[in-house]
Structure formats: C-alpha cells, structure tokens
Amino acid sequence: MLVSLIVAGEIAFWLLIAAGLALRYPARRPRAGAAVLLAVPLVDLVVLGATVLDLRHGATANASHGLAALYVGFALPYGPYLVRWADGHAAHRFTGAPRPHPGYGARRARHEWRMLARTLLAAGISALLLAAMIALTGDPARTQALTGWYRTLAVIAGVNLVVAASYTVFPKQPPRQPQGRSGRAE
C-alpha cells in the first residue's frame, strides 16, 4: 500500500507541476499557477505522514518505508530545482524564452558539482528521516530493513560524484557546426 502511495505521490508531483505551468503560461494566470506550484511540497508531507503513521501503528519496516524516506529526502532539494527546470522549458515553449541548458565545458562541470551538492543534501535528509523512523519506532527488530538504505544512499552519492568528476576531467564540448562546401561553418 505504501508503494502505491509513493507512486501516487510522484504522479501528483508531476501533475501539480503540469497544472501550475498550464495555468501560468497557456492560461496566462501566473498567480494561480504559482499557487498550484506552491502546493507541490504537500505531496511530500502526505507521503512522509503516511509512512510515519504506518510505523507508529505497529508495522514492521520494509523496503517501502525506506523508499518513502528517500522519496521525501530527495524531493526536498530536488523538487524546487525540478519546478524551475520545468518552468524554464515551459517559458521556452510558450513565451520564446531561451531554452534552458546546463552549458558546456567549465559551466557544465559547475552545474554537475552543484547537482552533487544537491544529492549530498538529499542523502543527508534521507538518512535523517531513516534515523528518525528508527528512533520513533523504538524497536530495532521492526526497523532492521531501514538500515540497508544507508548503503543505497552512499551508492547514489558515489555515482553522482563520478558523474561530476567526469564532467570536470572530460568537459562536454558544444556540438560542432555543420560545414558547407567551402569548409567553413555555416
């Protein structure tokens, strides 16, 4: 049941973003769109609340409880970024604003290091949520499944570190311009 709530939460997250941006751009109701976008964090509160209630009412922790902690932990630092990302693409689509792009070379590397910082924050929040769930339950036998999620957080952070480092060591270059018959870029 908890996994269904997490999936529903993720669907609600994107539906709220789509509704907010639809109000903001095609409907030209920026205040109404902003109000809908401000409701996005409520989805995370519902998922977190349901998870805590489930554990407080005697459930034995399983993978879905750990997944809920990671979902909420990652939604906090990544949620606002994803809303800005979607808003930038909607502004490009509906108002002709420049298309958002993380860039190339050093600019892209800085973007990837900022993403790593966001991932480390998300992993820290998730770890705190896991620890809080374990402490609130007060029964190590019922929360044993949550401790394995710390390793998952380390793997996620490690992968992101490799990605950020790769963009520093091997900077992404802009696409080459097609060349005409004269050998010059057109």
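These are my notebook entries on helix packing and the largest pocket in this structure.

**Entry 1: the model.** I am working from a predicted model.

**Entry 2: α1 against α4.** I began with helix α1, residues 2-24. Its axis and that of α4 come within 11 Å and cross at roughly 15°. Angles under 35 degrees count as roughly parallel, so I logged α1 and α4 as roughly parallel to each other. α1 passes α4 in a right-handed crossing. I then listed the residues in contact. α1 contributes Leu2, Val3, Ile6, Gly9, Glu10, Phe13, Trp14, Ile17, Leu21 and Arg24. From α4 come Ser64, His65, Leu67, Ala68, Tyr71, Gly79, Leu82, Val83, Ala86, Asp87 and Ala90. Sorted by class, this contact of α1 with α4 has 14 nonpolar, 4 polar and 3 charged residues.

**Entry 3: α4 against α7.** Next I followed α4, residues 63-95, to helix α7, residues 149-169. The two axes come within 10 Å and cross at roughly 35°. The crossing of α4 past α7 is right-handed. On the α4 side I found Ala63, Gly66, Leu67, Leu70, Phe74 and Tyr78. On the α7 side I found Trp149, Thr152, Leu153, Ile156 and Asn160. How many charged residues does the contact of α4 with α7 have? I counted no charged residues there, with 8 nonpolar and 3 polar. I noted that Leu67 of α4 is listed in the contact with α1 and in the contact with α7.

**Entry 4: α3 against α5.** I turned to helix α3, residues 40-56, and its packing on α5. Their axes are 9 Å apart, at an angle of about 30°. With the cut-off for roughly parallel at under 35 degrees, α3 and α5 are therefore roughly parallel to each other. Their crossing is right-handed. Leu48, Thr51, Val52, Leu55 and Arg56 in α3 meet Leu129, Met133, Leu136 and Thr137 in α5. By class I have 6 nonpolar, 2 polar and 1 charged for the contact of α3 with α5.

**Entry 5: the largest pocket.** Last, I looked for open space. The largest pocket has a volume of about 340 Å³. Which residues lie closest to its centre? Of the 14 that line the pocket, they are Tyr81, Trp85, His101, Pro102 and His111. I also checked which elements supply the lining. α4 and α5 (105-137) are the elements that give two or more residues. The lining divides into 6 nonpolar, 3 polar and 5 charged residues.

**Entry 6: cross-reference.** α4 recurs in my notes: it packs with α1, packs with α7 and helps line the largest pocket. α5 meets α3 and also lends residues to that lining.

Methods:
Residues are numbered from 1 along each chain as its sequence is written. This is a predicted model: local features need pLDDT of at least 70, side-chain atom pairs count only at pLDDT 80 or more; totals for chains, interfaces and linings use all residues. Side-chain values use heavy atoms; hydrogens and water are left out. Axes are lines fitted to C-alpha atoms, for helices over the stretch in contact, and angles run from 0 to 180 degrees between N-to-C directions. Helices (H or I, at least four residues) and strands (E, at least two) are DSSP runs, numbered from the N terminus. A crossing is left-handed if the near helix is turned anticlockwise from the far one by less than a right angle, and right-handed if clockwise. Contact means heavy atoms within 4.5 Å. Ala, Val, Leu, Ile, Met, Phe, Trp, Tyr, Cys and Pro count as nonpolar, Asp, Glu, Lys and Arg as charged, and the others, Gly among them, as polar. Angles under 35 degrees count as roughly parallel, over 145 as roughly antiparallel, 65 to 115 as roughly perpendicular and the rest as oblique. On a 1 Å grid over the protein atoms alone, a cavity is a set of points where a 1.4 Å probe fits but cannot get out, and a pocket is an open set with protein on both sides within 12 Å along at least five of seven lines; lining residues have an atom within 4 Å of a point. Grid points are joined across faces, edges and corners, and a volume is the space filled by probe spheres set on the points.
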